[in-house]
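This report goes through selected backbone features, helix contacts and nonpolar cores of one protein chain. The sequence and the model come first, and the discussion follows directly.

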Amino acid sequence: MTDGVGWGSVVPGILGLAILWVLPGYAVLRGLGARGLLALGAGPAVTTGLAGVLAIAYALVGVPWSLLTFGLGALLAVVVGALIGAVLGTTRHPSGVTVAGERALRHTERGWLSLTWLLGGGVLAAAMMTGMGRADQPPQAWDAVFHLNALWFVRETGDASSLGGLAPMYAGNAEPFYPAVWHSLVAIAPGFSGVTEAANASSLVLGSVIWIAGLVALARVVWPARALPTILVPVLAATYVTFPAIAVSMLAVWPFALSTACVPGTIALLIAAVRGVLSWRMHLALGIGLAWAVAGVVLAHASGLFSLALLALPLLTVLLARQLRRQFRLGRRASAVGAGVLWVVLVAGATAFLLTFPPVLAIMDYRRGGQDSYLPGMGSLAIDHPLIYVYKITSVNLVTTLLVWLGVVLAIRWRHARWLVVSLLAAVVLTLLAAGPPDQPLRVLAGFWYTQASRINQLLLIPAILLAAGAGGWLVGRLSRSLRLRVEWVAAGLVVALVVLTSGLRWTSQVQVMASTYTTSPIAWGTILEPEEIAMIDRAAQTLPEDAVVLGEPVAGSPYLLHRAGIDVVFPQLSPIPGSPARDVVLDRFDGWASDPEVCEAVRELGVTHVYADSLTFEDPANAKWEETSPGLRNLDPDGGHGSGADLLGRAGTEATEEAEEIEASEASEAAWTLLDEGGHASLWEFTGCA
């Protein structure tokens, strides 16, 4: 087995991916008039929106998706944004004042922010890399298999449209909409030779760059006159395992993780765009940028629309109420009342539409189990322990939780931050509904996120981190005055306390969660690949012919042949593929190919030339992943385990004759199999039984 690809060799690719995700959106917002941390934090969401729209447009007109075509489209968007900013006169603003109306950070404050970002983001990245092992280590989670092969198809076909671009994953029976924006940007990232290392690198960028940048921007607009909350945000974000570690390992939901990571920056842009201290020109300019950011959140994953609604509706309602009250006092009573009524009608109408929209209903109808009591979920939220209870408690986050509770108390006093409390409570309630008893009628409200508590819990972190940052800034101020110490020293002491009291920013838990689907043996949710098996898959590009089509039980590892070796497979994902009767036949009955003509008809229709076999069982120490939908491919034994005809010498009578006939048929069956390679419990065979 080779040593694989080390992290040092992909550092240029990681930096390139970070620049690719941040720079286009940042440039668009700067052209429109946004500044500093606001443009930096909302930039990735805008880039995501640009990529999603461009990929759909290119597919419609037949332009292939590539780094060059995306770059040209993004450049056009930057130029248009700059022209709009120039026409509206929003490009330049008074020195030292950002578009959100807050004081710009001083040089020393920027230095402290750089240090805390380096600490928090660095720990997140280092823990993820440690848990993954090496850059090209394959994740072994259900969704990971799908997304890695989808990423490979985007590279190969040049089609990254969310409207059918991933059709090859469904044997040409494309879903009407499947979010492909994450795939589109990772597929064109320079500096990666393989799909796996590009996907793994995206986890680092999502957590250490996009997520933290958005939270920092949100802290700037929530606490506009105070620098300390912003400076503390990166460290506080690193104390949580819920995001990004859970999202990019246990769940492996990279598109959802991208949507979630873009939410804080989008809300920050929303606050900046609707504040009443700006001119109408700046409202319009930032509104255009906000539209791109919202498009990014929603196109990254459709549930992003509900994530924004959950966290931003309280904010929008408060801001609108303030504006309407101001208008009412100025004598514009009719327009103020009319606008208020219109807002209520719009919210109610949008809710009614979504609750009857078939795609949304399909998501909400997803059935998922839960706990008999809400108490385990409440305990997990208090210490930030994964809501999936296969993980041992190796560290807790109680100190940050205490800061959140203090922040709630303070936010009730600070009127402008009360919406954070409402958003936090809403996220807590929905998380507990998803994690609690399945027969709870209100549990349907969690259906917008597939009724999965570990997804909704990620949204809870946004208001929680902001409240903890506000409380931390207040606490530092009080202590510095009481102890008569410099604010910088007290703030540094708080950071050290956070690191110590969270066991090194939750290092052991961060690594444990990441390793559970990458390097731990057995894999937390069932082992798909053994180390020797990975090496066999990587050799397949030389072992198998270019026109090979491999059939194998999906959960046994055969889908990895596609994105790691470029070998065509019958099942590019672990789920059965609707609308393909031939695939249903081989899933259910392939082991009876010698006596079932329909099986061979299906094999010929699918063009199968080779078979991927795996004898690893659920009872083995490595704990094989198990799936009930593929009994015909489970634990295939191509060599049959039979003895030779010579073993019957000396036997006489009818019994010997019948047994000899059985062995003759068995040997004929065995002739259909030729062993090509093996690794661990897995093996690759040439199959000619249905030729």
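Proline 244 is found in helix α9, which spans residues 242-248, and the peptide bond that leads into this proline from phenylalanine 243 is cis, with omega near 10°. The model is a predicted one, and the geometry described here should be read with that in mind. A cis peptide bond also joins serine 521 and proline 522, where omega is about 0°; proline 522, however, lies in the loop between α20 (503-515) and α21 (531-543). Most peptide bonds are trans, and most residues other than glycine have a negative phi.

Against that background, which value does phi take at alanine 252? Phi of alanine 252 is near 55°, a positive value in a residue other than glycine. Alanine 252 sits in the loop between α9 and α10, the latter covering residues 254-274, and because its relative accessible area is 1%, below the 20% cut-off, alanine 252 counts as buried. Serine 503 likewise has a positive phi of about 55° without being a glycine, but serine 503 belongs to helix α20 and is partly exposed, with a relative accessible area of 40%.

Another serine, serine 114, lies in helix α4 (residues 107-132). Is serine 114 buried or exposed? With a relative accessible area of 48%, serine 114 is partly exposed, because this value falls between the limits of 20% and 50%. The C-alpha atom of serine 114 is separated by 29 Å from that of glycine 71, and the two residues are 43 residues apart along the chain.

Two helix pairs can be set side by side.

| Helix pair | Angle | Distance between axes |
|---|---|---|
| α1 (residues 11-32) and α7 (residues 195-222) | about 55° | 9 Å |
| α12 (residues 304-329) and α17 (residues 418-435) | about 150° | 8 Å |

An angle of about 55° lies outside the ranges for parallel, perpendicular and antiparallel packing, and α1 and α7 are therefore oblique to each other. The crossing of α1 and α7 is right-handed. On the α1 side, the contact is made by Ile14, Leu17, Ala18, Trp21 and Val22, which meet α7 residues including Ala198, Leu204, Val205 and Ile210. The residues of this contact divide into eleven nonpolar, one polar and no charged.

For α12 and α17, the angle of about 150° is over the limit of 145 degrees, and these helices are therefore roughly antiparallel to each other. The crossing of α12 and α17 is right-handed. Leu310, Leu311, Pro314 and Leu315 in α12 meet Trp419, Val422, Ser423, Ala426, Ala427 and Leu430 in α17, and the contact comprises nine nonpolar residues, one polar and no charged.

In soluble globular proteins, nonpolar side chains tend to be buried together. The largest nonpolar core of this model has 194 residues, and Trp65 and Trp211 are those with the most contacts inside it. Helix α7 gives the most to this core, with 18 residues. Leaving aside residues up to four places away in sequence, tryptophan 211 touches a set of residues that includes Leu206, Ala237, Phe243, Pro264, Leu461 and Ile465; Phe243, among these partners, is also the residue that precedes the cis bond to proline 244. A second, separate core of 25 residues includes Val585, Trp593, Ala602 and Trp685.

Definitions and conventions: Residues are numbered from 1 along each chain as its sequence is written. This is a predicted model: local features need pLDDT of at least 70, side-chain atom pairs count only at pLDDT 80 or more; totals for chains, interfaces and linings use all residues. Side-chain values use heavy atoms; hydrogens and water are left out. Axes are lines fitted to C-alpha atoms, for helices over the stretch in contact, and angles run from 0 to 180 degrees between N-to-C directions. Helices (H or I, at least four residues) and strands (E, at least two) are DSSP runs, numbered from the N terminus. Angles under 35 degrees count as roughly parallel, over 145 as roughly antiparallel, 65 to 115 as roughly perpendicular and the rest as oblique. A crossing is left-handed if the near helix is turned anticlockwise from the far one by less than a right angle, and right-handed if clockwise. Contact means heavy atoms within 4.5 Å. Ala, Val, Leu, Ile, Met, Phe, Trp, Tyr, Cys and Pro count as nonpolar, Asp, Glu, Lys and Arg as charged, and the others, Gly among them, as polar. A nonpolar core is a set of buried Ala, Val, Leu, Ile, Met, Phe, Trp, Tyr and Cys residues joined through side-chain atoms within 4.5 Å. Buried means under 20% relative accessible area, exposed over 50%, partly exposed in between (1.4 Å probe, protein chains only).
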